[in-house]
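Work through the exercises below with the sequence and the coordinates at hand, and try each task before reading its solution.

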Amino acid sequence: TKQKLWGGRFTGKTDPLMHEFNQSLRYDQRMWAADIAGSIAYAKALNLAGILTKDEQEKIVQGLTAVGQEWEQGFDIQPDDEDIHTANERRLSELIGPLGGKLHTGRSRNDQVATDMRLWLLTEIKHVVRGLKGLIRVMVERADKEKDILLPGYTHLQRGQPIRWSHLLLSHAFSFRADLERLSQLIPRISVLPLGCGALAGNPFVVDREFLAKELGFSSVAENSLYGVGDRDFIVEFMMWASLAMTHVSRMAEDLIIYSTAEFGFVTLSDAYSTGSSIMPQKKNPDSLELLRGKSGRVFGDMAGFLMTLKGLPSTYNKDLQEDKEPLFDSYDTVSASFKIAEGVIATMEVHAEKMREALTMDVLATDLADYLVRKGIPFRETHHISGRAVALAESRKCQLNDLSLEDYKQLSDKFSEDVQSVFDFEASVERRESIGGTSRKMIERQVSVLRTALEQM
Ligand code: ARG
């Protein structure tokens with residue numbers, strides 16, 4: 001029977017369940033390309049360090065390239081392949097013979113795995129960026145087209161003030177823009193090369209780590225080998241990032257779930273992103289949005305679980321660190337899918353402008369009524385009170401604010417005149433919010449252009 005890579009000092013066999021328990025190839029095989037790339041760079045560095053001849057280096061690189069091709073076409077996994085590193089090394093030696101055994105000189109799986117993880121994440125983050133940009137883009141395009149639609153803006157889920165529908169949509173887009181920015185800020189901290197740290201103490205063959213960093217596209221090298229092999233903060237940071245991004249996805253989903261109820265009726269999801277009930281024939285449920293909301297919990301769990309794994313570990317490598325992979329991959333997969341689904345939902349949902357309009361009752365102009373009196377010279381604290389009394393009066397008469405007569409208004413304040421009727425205009429109300437960040441048409445256009453520029457630049 002074949003020897004385990006580390007089998008020299010062992011006489012007894014591994015318990016079969018322990019073998020299973022220890023095996024990570026099932027999930028770490030998705031880093032095969034990073035593992036091969038790291039090994040190719042390392043073979044070159046070993047040549048520069050005088051450990052491999054040029055000819056040996058070339059044979060190893062050819063062998064590694066062939067192993068990579070096998071992964072593309074269906075790698076033949078052997079029962080004793082413990083992880084992606086041992087699988088690749090085993091196969092390399094099968095292809096090129098004992099020379100394959102020179103590749104691991106001065107290297108450990110400890111610096112190797114840390115390198116693979118970072119390299120994998122650096123590559124995959126580009127897809128996350130693309131997905132997030134796609135989502136922001138559909139939101140911006142929709143917002144640009146639907147500027148005419150007004151609805152009540154809510155606080156405490158109670159009608160507050162009229163806003164443009166685009167303003168609400170863009171509010172979520174701005175959260176996502178911040179996520180895009182935060183994601184790019186993680187990159188320099190992921191891009192720190194562990195390769196050449198060895199098992200823990202450093203590389204005794206004096207490989208040129210700056211050469212390795214350049215070859216692999218890292219922006220810096222880990223300056224301390226113990227740190228290099230033991231640090232997984234970049235994984236935590238990515239999952240923290242994913243948790244926050246999913247919080248934004250979830251809050252947006254929650255808005256849309258509420259708006260898609262019959263009680264609101266502001267939006268209808270397309271059939272493509274809804275599902276039905278097995279018993280209630282009339283049901284069309286917003287499952288896509290509920291899953292987006294639900295999956296945020298899953299990503300927080302990935303993050304919290306791994307932090308718990310990390311927090312008590314002694315320095316450098318401990319096998320507990322193998323538990324970094326599943327949560328990282330899971331949160332990566334979950335955010336990636338979530339951005340795509342959210343993009344699809346937003347792109348295809350129907351917006352019911354008339355329903356939003358119906359929800360605009362005159363009371364949402366009570367702030368504007370107070371502001372009207374402010375413009376006539378009364379301090380806001382007083383005008384707030386006066387407007388509140390107008391609301392109470394309308395409520396007691398079961399009418400709207402604009403149904404009160406001028407005499408009614410004059411009773412409340414002698415500053416009211418004919419032109420009070422001009423307050424009862426939703427369009428005029430949103431148009432008054434024209435300083436930066438407001439809901440006026442011009443400020444929506446500004447937001448659209450700010451986001452478009454960000455999409456081009458990030
Ligand atoms: N599969 C291991 C992991 O993912 C690779 C590193 C193993 N190192 C070791 N010293 N056993 O963490």
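For the classes used here, Ala, Val, Leu, Ile, Met, Phe, Trp, Tyr, Cys and Pro count as nonpolar, Asp, Glu, Lys and Arg as charged, and the others, Gly among them, as polar. The model is predicted, so that local features need pLDDT of at least 70 and side-chain atom pairs count only at pLDDT 80 or more, while totals for chains, interfaces and linings use all residues. Residues are numbered from 1 along each chain as its sequence is written.

**Exercise 1.** Determine which residues are around the ligand, and how they divide by class.

Solution. A residue is taken as near a molecule if its C-beta atom, placed from the backbone, lies within 6 Å of it. This gives S24, D28, D83, H85, R109, N110, V113, Y317, K319, L321 and Q322. Sorting this shell by class yields 3 nonpolar, 4 polar and 4 charged residues. Helix 6 (residues 109-145), where helices are DSSP runs of H or I with at least four residues, numbered from the N terminus, provides the largest share, 3 residues.

**Exercise 2.** Establish how the chain is divided into domains, and what the contact between domain 1 and domain 2 takes from each.

Solution. An automatic or database assignment sets the bounds, giving domain 1 (11-105), domain 2 (110-204 + 220-358) and domain 3 (362-424). The centres of domain 1 and domain 2, taken over C-alpha atoms, are separated by 34 Å. With contact meaning C-beta atoms, placed from the backbone, within 7 Å, 11 residues come from domain 1 and 11 residues from domain 2. On the side of domain 1 that touches domain 2, helix 3 gives the most, with 5 residues.

How values were computed
Helices (H or I, at least four residues) and strands (E, at least two) are DSSP runs, numbered from the N terminus. Two residues are in contact if their C-beta atoms, placed from the backbone, lie within 7 Å.
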